[in-house]
Amino acid sequence: MGKEPGGAAIEEQGLGWKNKCGKGHSEDTVTSGLEGAWTQAPNRWTTLYLQNLLNFEWQQTRSPAGAIQWIPTDESLHTSVPDAHVKGKFNSPVMTTADLALKYDPEYRKIAERFLANPEEYRLAFAKAWYKLTHRDMGPKARYLGDNVPSEALIWQDPVPAVDHTLVNANDIANLKRDILRTGLTIPQLIRTA
């Protein structure tokens with residue numbers, strides 16, 4: 001037993017604290033409310049997501065946390081996805097309502113069907129989207145380090161012009177601080193301005 005700062009006793013369990021979800025991790029974890037994997041091979045790159053989405057019929061259900069999600073109507077698929085935490089346990093693949101929009105919206109469906117028919121195009125589109133997602137805030141390509149930087153410049157990389165002027169130095173910074181403090185502004189005013 002440990003004690004919280006206010007003196008209330010709490011029971012430690014592993015790296016977490018006593019909670020209403022068993023041990024609070026692994027199979028006892030309840031996350032955002034959407035629980036489950038989209039495919040029968042969640043740890044491999046495949047086209048199973050698109051195959052499942054387009055080829056199965058889906059019925060609405062609730063996750064353990066109460067969120068709306070979808071499982072196949074074919075009950076034989078309810079034990080086709082390996083559990084992330086319990087060896088030998090299998091679950092149903094799940095989809096979100098947003099996933100199903102890719103199936104039922106005619107324009108999105110065309111794209112999903114094209115990607116299913118062209119796995120390399122799908123892989124490349126996903127790789128580019130993932131790269132953008134994980135690198136979007138890094139600025140221009142000139143700031144990237146390492147050997148895995150793509151050769152092409154991408155429009156979202158926000159190219160900035162090269163520096164063509166003198167940068168401020170330590171003396172400039174000290175003078176600016178002095179000038180600001182001489183204005184007579186209060187600390188709260190300076191903070192609000194910042």
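Which residue does Asp 179 meet in a salt bridge? Keep that question in mind while you open the model, because a salt bridge here is a side-chain nitrogen of Lys or Arg within 4 Å of a carboxyl oxygen of Asp or Glu.

**Before you start**

This is a predicted model, in which local features need pLDDT of at least 70 and side-chain atom pairs count only at pLDDT 80 or more, while totals for chains, interfaces and linings use all residues. Residues are numbered from 1 along each chain as its sequence is written, and side-chain values use heavy atoms, with hydrogens and water left out.

**Stop 1: the whole chain**

Colour the protein by secondary structure, and you should find six helices and eight strands, where helices (H or I, at least four residues) and strands (E, at least two) are DSSP runs numbered from the N terminus. Followed along the sequence, these elements give the pattern β-β-β-β-α-β-β-β-β-α-α-α-α-α. Of the 194 residues, 22% count as buried; buried means under 20% relative accessible area, exposed means over 50%, and partly exposed lies in between, with a 1.4 Å probe and protein chains only.

**Stop 2: the salt bridges**

Side chains of opposite charge can pair when their charged atoms come close. The structure holds six salt bridges, and three of them can be visited here, including the one from the opening question.

Select Asp 179 and you will find that its partner is Arg 178, at 3.5 Å from N to O. Asp 179 counts as partly exposed, at 41% relative accessibility, and Arg 178 is also partly exposed, with a relative accessible area of 36%.

Next, select Lys 110 and Glu 107, whose side chains meet in a salt bridge of 3.2 Å, N to O. Because these two residues are three apart in helix 3 (residues 106-117), about one helical turn separates Lys 110 from Glu 107.

Then select Arg 114 together with Glu 121, a salt bridge in which the closest N and O atoms are 2.8 Å apart. Arg 114 is partly exposed at 37% relative accessibility, and Glu 121 is partly exposed at 32%.

**Stop 3: a hairpin and the loop that follows**

Select strand 5 (residues 58-62) and strand 6, which pair in the antiparallel sense over five bridges; two strands pair if DSSP finds at least two bridges between them. To see one bridge, pick Thr 61, whose partner in strand 6 is Gln 69. Five residues lie between the strands of this hairpin, where Gly 66 takes a positive phi near 100°. Strand 6 (residues 68-72) is mostly covered, with four of its five residues buried.

Where does Thr 79 lie? Thr 79 sits in the loop between strand 6 and strand 7 (81-82), and this residue is exposed, with a relative accessible area of 54%. Leaving aside residues up to four places away in sequence, Thr 79 touches Phe 90 and Asn 91, where contact means heavy atoms within 4.5 Å. Show Ser 92 as well, for its C-alpha atom is separated by 5.4 Å from that of Thr 79, although the two residues are 13 apart along the chain.

**Stop 4: the two largest pockets**

Rolling a probe the size of a water molecule over the atoms shows where empty space is left. On a 1 Å grid over the protein atoms alone, a pocket is an open set of points where a 1.4 Å probe fits, with protein on both sides within 12 Å along at least five of seven lines, and lining residues have an atom within 4 Å of a point.

Select Glu 35, Gly 36, Pro 64, Asp 83 and Asn 91, which lie nearest the centre of the largest pocket among its 25 lining residues. Strand 5, strand 6 and strand 7 each supply at least two residues of this lining.

Now move to the second largest pocket, where Trp 38, Trp 45, Tyr 49, Tyr 122 and Phe 126 are the closest to the centre of the 19 residues that line it. Helix 3 gives the largest share of the lining of the second largest pocket, four residues.

**Stop 5: a residue of helix 1**

Finish at Asn 52, which is found in helix 1. Is Asn 52 buried or exposed? Asn 52 is buried, with a relative accessible area of 2%. Show its neighbours too: not counting residues up to four places away in sequence, Asn 52 touches Trp 38, Thr 39, Gln 40, Trp 58, Pro 93 and Met 95.
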